[in-house]
Each structure stands twice: as structure tokens, then as C-alpha cells.
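Hi,

Here is the structure I promised to pass on to you. Have a look at it first, and then read my notes below.

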Amino acid sequence: MKRVINRLVGAAVMACAPAVFAAAIKLEPEQIEFFEKKVRPVLVEHCYKCHSTQPDAKIKGDLVLDTREGSLKGGQSGPAVVPGKPEKSLLLKAIKHVDPDTAMPPKEDKLPDNIIANLEEWIRIGAPDPREATDKKVSAVDFEKAKQHWAFKPIAKPATPKVADKGGFVQSPIDAFVLAKLAEKNLSPSAKADKRTLVRRVTYDLTGLPPTPEEVEAFVKDTSKDAYAKLVDRLLASPHFGEDWGRMWLDIARYADTTGDRQNGGRRNPLYPHAWTYRDYVIEAFNKDVPYDQFIIQQIAADRLPESAEDKSLLRALGFITAGKTFMGNENEMIDDRIDVVTKGLMGFTVSCARCHDHKFDPVTMKDYYGLHGVFASSRQPNELPIITEPSPTPEYLEFKKKIAEVDQQVEEYHETEMSRVRGGMLDRAGDYMMAVRDAYNSGAFKSGNVRNVARKYSLDAAVFELWLDTLKSNRSKPHPVLAAWFAFSEIPDKEFSKQVKTVAAKLGKDRPASEIFVKEFQKKTPASMKEVAAVYSRVLNDLQKAVGAKPFSIQNAGRGSSGSPVGVKKLPDARMEELRVAFFTEEGCVELGDREMQRLLGVQFRNRENTIRSTQYALEMSHPGSPARAMTLEDTGRARDSRIMIRGEPRNLGDVAPRQFIQILAKNPQPFKDGSGRLEMARAIATRDNPLTARVWVNRVWKNLFGEAIVRTPSDFGVRSDTPTHPELIDWLASYLMDNGWSTKKLIRTLVLSSTYQQDSKGNNKAMQIDPTNQLLWRMNIRRLTFEEIRDTFLAVGGNIDLRMGGQPVKLDASDDSRNPGRRQYNFNIDLKTDPRRTVYGMVDRGALPEVLRTFDFANPDMTTGERILTTVPQQALFMMNSPFVVDEVRRLLARTDFQAQKTPEEKVKFLYRTAYQRPPTPKELKMSLDYLAQQPAEELGQVKIKADPESETLAAATGGKMEPDGKSSRSSRSSRSGSSEQRRSLSAKPLDAWERYTQVILLANEFIFLN
């Protein structure tokens, strides 16, 4: 959400001039996508039937919501939507049910909280709305015209341009394309970056980690011609390459370790215990340089590949599809999310906008959308995920099995307890239930399906009534002894009852088995009617209910896991009552009671409590070292089916069948899929040279990851409203190079980073800045801020405590919340995650409670596929660097390193810190400032080392918060500069920072630490 908001900078204008919104502001692709995915489907499903110009709609209150103008104008009560002002928007008040008289939808439950939140956010960011008054009259897609768009044209490898190159800039065809564009504007490329800058840049770009001082010095001293190429090859071969580039891919795959669902007291467990196996697959795939076309196919249809039968680890790749949101079990929303990640994530094409109508801008029809819908509707996740490799009987695995068995036992005990309560509860008013069942048969209600009306007639619980209905039905053909008397008397016609009842009573227990207690009851006093038979059953079974200590059925007391043992399990001393106990409280008795019946009786309450117990199992599967790894696989359903078009996106308003096939504009020869669900055919249609988007989109993403800006600056939108490539011939050359070289991502990256274009300096010049201020022509290298993952990993690396083990279950990134803020949960579920200084890519990602620090540093929103992180600069980032206990801890670890302690003089220590943090020595000015600051600090904070001070230099002292008082305590100005709220101060380590710690923190707070030149 936050990522979208950051792109909507101009939204505030809409509040001032809503009537001219379309003319005044061009909507960004993210704005259109937000409306089409989060807003339009809700309006269509819940509002259009009463507030639209559709032929079958009945406009109420003069309010029309199917156009932008209608929403802004509103109806009789005023504007429905006031852009930027949710509190004044009547639409929002209506859907929140603030006033029952104006609640929308009328006579229905309030919309789910997440839908209301989306609509509120839409209005708050200015209500971006691409609809027009003629929106309902969408013209047919002009495919021939669309084929003229640059991205839909076939990829043809262009010739390398011939350019004048007096400076020897051209080292590869890439440089020739760049130099040709620069020459058109009479510009020249920048000089080559110095070796220290270059080794820092390429090491971060290929591994996400800083180079060590030793690696830097080795590269600087290597004067061979191929020194840089050897460095690149070493980095490409590093296992940390896959961790860095895998994290970039996980943004595209909207990876998370949870479903994003609300837990709702156990209704659904939000954990994906085995999502991490997909993360590990991605990292391994990048390290192995799996050809990109195969990489795609594996992630869409690994289960359909023959090799997956031999190597089950390949099934991990399907996490690309299955690790998305689950939308509280809404199948159509899940399918929409899967269509989106496949089309936009792999091809930069927003097909999801065609869910409710043919795409307004791109050549995508509803038939295209529902053709893909059928593919995913014909696929499902198995109930039990396959184990990747069979576990060996290690102590960890045996302990895991034991703990899982304990959970199974708890579930079994819970089931037994609740089922026994239901069995005991159904004994209350038993005769009334039996009479109601008889009535249902005699009145025809049973055949018509209106049995619950009979229950209401007798003021009985409908669910218990259905349980009695099942019980009597299943025992009718072979009467159970307890029910034999009831069936015998029921066979007497009502008009003949008084004549035949004595004969029937006399035969009880003779012709067929019957319980002694009922035989004696009816022979002692012959019943005059079925009501009297029912009364006897009520009395006898009520006695049984009391004997076993059961209570009348009450849904309020059921399914809540209250303490106590199952009822009806102890043998009764009275033989006659014992027979009844066995009949009603054992599986061999007359009552068939399983999960289906329990859920019908208790609704979600029964499953909620079970899920709460099972949550322990999910947590164990995710965190226990003995838990066997499983693949979040996908498989075809038994029978593939085509989906019908949902008119206006409404599941209950179905149109024609859309055959399962690929998107028409991208299909060379569109034909219906025939192989199962069609996923493998779809994957191959994406990962082919004939698809004009796939290779272009990937090389554009790779380029952006290395150069900071993409060639096409809308990396997830290559449709007709996309930005034009800054270098059209270059992107096609790169796409051709990728495919000609076996779709090798590593070869592509190697070619890019060995180019002179990549090796340029980042310094600016006035002429170029005036002509091309955004550097679209690549006259210099862009300056890039490190990602959050790179920042955190760098802190761990300089602190000397980074754990470089690869793969495995997710970890908690920081224990500070738990240790310094007791009672605060980092995640929205209970799980015992380890807190390890692992690389950030292995950290837990919880959709439902993404840590604020991740949002602060522009982490990708795991709710949607993300091809570009929109970077922000906000005060919270600086506050984190200044106040975070994590930063303080790493500062102290850095100073505790043995190689720092080995430095004898303050000058050596300062130089060590610069080499470690910045991969360069300090300049003479920086060294002098540092030593001057340190000289002003008390000797006890400097290890008794005396330093000559320069009284005129206090720049660095000001940066660290001022001088220290003689007693070693901070001056007032020092305290105020480092303090925040009292809560923030309490969150810091109890021990105050000493002089070296303050100095080192400033080194790590500088822009140079988190920016790449």
C-alpha cells in the first residue's frame, strides 16, 4: 500500500479540482491498477445493481457510481466521493454502516474490513479513477493497431551502431549504443571510476555485501589487464550472488512466510510453514544460473515436468504461484493474484484489469483473462505437501515427530470431548426431536428439503434436528436395539394405532432385538399415541443424560476448548443404562458423528478451536530443526475445466465459456490448452523467443538492478501506456543476447558490468546536467542507495558477527522488540523463531504484520508483485540509524573486533574504521577532524590515549552531540540531540555510548555508508 501511495504525489490536487481531474492529471499505472484491482470490483459487485447506468440497474437516490463524474457529483444527499477527504465522503460513511438508514449495501452485512480499508485508502490518496462517462461502452480491442506498439513487435537483434570513439569508451556493443545516443546530444560519457569505487560498486551489485578491506587492497594492487574481469567472475561464482539476486526476484514473486489472512481466533492459521523452501529454490537457481526460460517454466509447471518425478526438490519452484495471499479463502481473488504475478511479474503486462471488462488501454479481453482463470481453476494445492527428501531418524527429527504426535493427541482429545458433549446434548428433548423427524417424513418436508422449517415449528435447534434426522435415517433399515421400539410403533398407521399398539408392544424384543429398558416401559404401560412413545424416549434418554453428566446442547458452550474430560466414557453400573450409553457415546452405537456433522452443528467454532491447537503444529513445521522440508507445490485437478466469463466481475452473473488458452496478442497461433490444466503450455508460451515481452522485461529488470534506473522506466508495465525505452535498440540487443546465450542471467550480468557504461564515475558536469538532468542518456553512473537488506547485512558485516550460513527456515531479524518492549508481538501469531544474525533474505516476512522498519526503508509490499521499489527519504530512516538498538549493538561489536583492538594508535583506529565502513582510507582533512574530536574527549573514554586537540575544529564534535563533561556525562545539548521520547530512550542499551562509540556511530550514519557511487 505504502509503495503505491508514494507514486501518487499529485493526488492532493484532485481535492481542489475534482471536476477537471482527468484533464489536469495523468494517472500513473499504479493508480490505475489500484483502482482496477481494489475499487472497481467492489463497486461492480456491491453497488452497480442500484447505482449504475447498466440496463438492469435501478438507480436509487439519483446516485450513479459507474462513472467518475457520477461518484464525484453524488446523489440527493451530496457528493459520494470527496477526493482526499474520507471523512467527508458519503460513500465511505455508507459502507461503514455509520447510519443504519443509509447503510450500503442495504439489507446486507457490512463489507469486510479489508475492503472498507481499500476504499478509504483510495479516497485518501485522491480517488484516482480512470472511468469516463462512456466507460460502459467499451470499444472492441484493435489488435492490429496494438501490434504496432514497440513492446508487442517481435524482437530483432539490431546492428551495433558505428560511432566515433576517440577516447576508447566502447568496450562492448552496449557502449556503442550508449555512445550513439550521447553523440546525438553532443554529450560525452564520464571518466572511469577509480578502483576503490568500482570494487565497492560491483561487489554490492553482485552479492549485496561490502568488500572486505583485504579484497579491496588486493584489487587495487592487481595491475593485470583482466583484474576487473577476474573480480567479476569471482563475484558471479560467489554463493552470495544468489542471495542478493534471489531477493530481487522474491519482490517479483510477492514472497512472504504468511498468508496475509487475519487469524480470527484460530479460524485460519496464517503461517506458510514451508514457503522458505521456495526462497531457497530461487537462491539456488540464481547460483546455478538456471536458464531463465527454464526458471520460468519450473515456477509455473514444475509438477508437469518429467524430471520432477526423480527430483522432488524441483517442486519447490511452484511457491511462485502458491505463496501469495489467500484472501480468507476467496478462490477468485486467489486466482486473480496468480494471474497478476504471472502476467505482470514475468511479462510486464497487467492482464488483471480485464477481470470486469475488456482492458480499456491494453489489448486484453475478458476472454483472455478468463482463459487464464480456467488454468488456475483447474489447479489445486494438495492437502498434504510432499516432503522434498525423506528425513533420516536424527534426534531432531524424532523429537519433531514426538511433538507433532502430542499435537495430534490434543486434537483427538478435543474432538472426543466436543463430540461427547454433542452426543450428550442431543439426549435433551429427544422425544421432541424424534417426533419432528417423523413429521418431516410424513409432511413431505424431507423430500422438499425444507426440514429446518419443521425444526422451527417444534422450537428445536436445527443442527441437532438434522443430527437426529441422520441418526433415524441411517438406522431405519437395520434398527438399532435402542431405536427398535420407535421404528416398530412408527410403522403403525395413525388411524390403526389404537388397534395395533398392544400387539406391537407385546412383540418388542421377540421378532428383533430391542433394548430391555424400552421393552419393559412399553409393556408396563401401552402408549396411546406416538406422542406418548416420544415422551418415554425423552424421559429415559434424559435419565441417561443425567447419569453420564452431560448437559443440554448449547452452541455458546461448544467448541471453546473448555477444560474437562469427555462425558459418557465411563461404564455405568446399571446394565440397562450401560446399553444406552454404548448406543449414544461410542462409535459402534446408533449415532454417526464425524467432522462433517460437528461442523454443521458448531459452524466455524468447531474448526476454530482445532486450528488453534494445530497452530502449534504449523509453528513446529516452520521452526523446529527436525521438521522435514516440504514443497508448496501445485497439481492439476482430476478434471480440467474452462471458466465462464463473469459479467462485470460478478461470480453470480455468468456469461460465455472462455476456453483455456494464452493471451491473444502474445500468442503466435492461439489454440485451447489440451494438456491438463494448461499450466505447462502457458509457461512455454511465456518462456519462448516468440513472446515479445518476456526477454525484454527480464533484461530491463536486470539493467535496473545494476544501473539504478531501467531502460523502460515502467518496469512492470510494457503495455501501450508504458514509458518509451530510453534506448530501444539496446533493449532489443540485450534481449537477443540473453536468448542467444542460452537465457543465461549470469552471462547477461557479466556483459553489463564489464561495459564501460557500468564502470563510469558518478560525478556530474554542468553541461550534461542541463541537457539530461535525469541521466536517461547514461552519461554517468547513477548513485544508488542500498536496499534495507544491504544496509542491515552491511551493519552485520562490519560488526563482524554476520552468519553467512545459507538456506533453511526463516529467522527473526532482531530481538530488540522482544527484549526491550515486553508484551509486544513482532508477528501476529505464536512461533518460536530463532534470532540470528543471518543475512536479511532469510528473515521472516509476515504479510499481516510487516515490521515498521521494513516499511520505513521501502521494503517491497508482499501483497503484490513488485518490479521496482519506490525509494523514499523520510525522517524515520535517520531516526532508526541514530536510535536503533541494533545499530548501537553493531557499533559496539565493530569496536570489539580483535583487528580493531590490534590498532595501536587513534590514527590507526580511525583509518581502520574508514577502510571497514567505506572501503577507502580517510582524506587528510577527515583524519584531522577525527583526531581533533577524539582529543576533546575524556582520557578514560579513549583508553588513556592522549591526543593533541585543535581547538578550532569542532565540526565532528557537533555531529556526535557535543563535548563530554569532566564527569563523563553528556552535556545538556548532547543529551537533547541524541534523545527522543522517553520510550525511545528506554529502548536504547542501558550503557551510555563512550567517545569511540559515538564517533563510530557517526561514521556509520554518513550517506557514504549507505550509498553507492
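Below is what turned up in it, from the whole chain down to single residues.

One thing to keep in mind from the start: this is a predicted model.

**The chain as a whole**

The protein chain holds 49 helices and six strands. Of its 1013 residues, 56% are buried. If you take the contacts between residues at least 6 apart in sequence, 69% of them join residues at least 24 apart. On the outside, the chain exposes about 45200 Å², and carbon and sulfur atoms supply 50% of that area.

**Salt bridges**

Side chains of opposite charge can pair when their charged atoms come close. How many salt bridges does the count come to? The total is 55, and a few of them are worth a visit.

Start with Asp-251 and Arg-869, whose closest N and O atoms are 2.7 Å apart. Asp-251 sits in helix 13 (residues 239-252), while Arg-869 is in the loop between helix 39 (852-856) and helix 40 (875-883), so this salt bridge ties together parts that are 618 residues apart in sequence. Are these two residues buried or exposed? Both Asp-251 and Arg-869 are buried.

Next, go to Glu-215 and Arg-234, where the side chains meet in a salt bridge at 3.6 Å, N to O. This pair also links distant parts of the chain: Glu-215 belongs to helix 11 (residues 213-221) and Arg-234 to helix 12 (residues 227-237), 19 residues apart. Glu-215 is partly exposed, at 29% relative accessible area, and Arg-234 is partly exposed too, at 38%.

For a pair inside one helix, try Glu-516 and Lys-520, which form a salt bridge of 3.1 Å, N to O. They are four residues apart in helix 27 (residues 516-524), so about one helical turn separates them. Here Glu-516 is partly exposed with 38% relative accessibility, and Lys-520 is partly exposed with 45%.

There is also a network of salt bridges, which links Asp-303, Arg-304, Asp-636, Asp-675 and Arg-679.

**A buried acid in helix 18**

Asp-340 is part of helix 18 (residues 331-347). Its relative accessible area is 2%, and because buried means under 20%, Asp-340 counts as buried. What does Asp-340 touch, once residues up to four places away in sequence are set aside? The list is Glu-33, Lys-37, Gly-345, Ser-352 and Thr-865.

**Helix 30 and what it packs against**

Finally, have a look at helix 30, which covers residues 595-602. Its buried residues are Glu-597, Met-598, Leu-601 and Leu-602. Viewed down the axis of helix 30, these residues fall within an arc of 110°, so they line one face of the helix. Which helices do the buried residues of helix 30 pack against? They pack against helix 20 (395-425), helix 24 (462-474) and helix 31 (604-623). Just after helix 30 comes Gly-603, which takes a positive phi of about 65°.

If you want a place to begin, you could bring up Asp-251 and Arg-869, the buried pair, and then move on to helix 30 with its one buried face.

Cheers

Technical notes: Residues are numbered from 1 along each chain as its sequence is written. This is a predicted model: local features need pLDDT of at least 70, side-chain atom pairs count only at pLDDT 80 or more; totals for chains, interfaces and linings use all residues. Side-chain values use heavy atoms; hydrogens and water are left out. Buried means under 20% relative accessible area, exposed over 50%, partly exposed in between (1.4 Å probe, protein chains only). Helices (H or I, at least four residues) and strands (E, at least two) are DSSP runs, numbered from the N terminus. The arc is that of the directions from the helix axis to the C-beta atoms. Contact means heavy atoms within 4.5 Å. A salt bridge is a side-chain nitrogen of Lys or Arg within 4 Å of a carboxyl oxygen of Asp or Glu. Accessible areas come from the Shrake-Rupley method with a 1.4 Å probe; for residues, only the protein chains shown count as cover.
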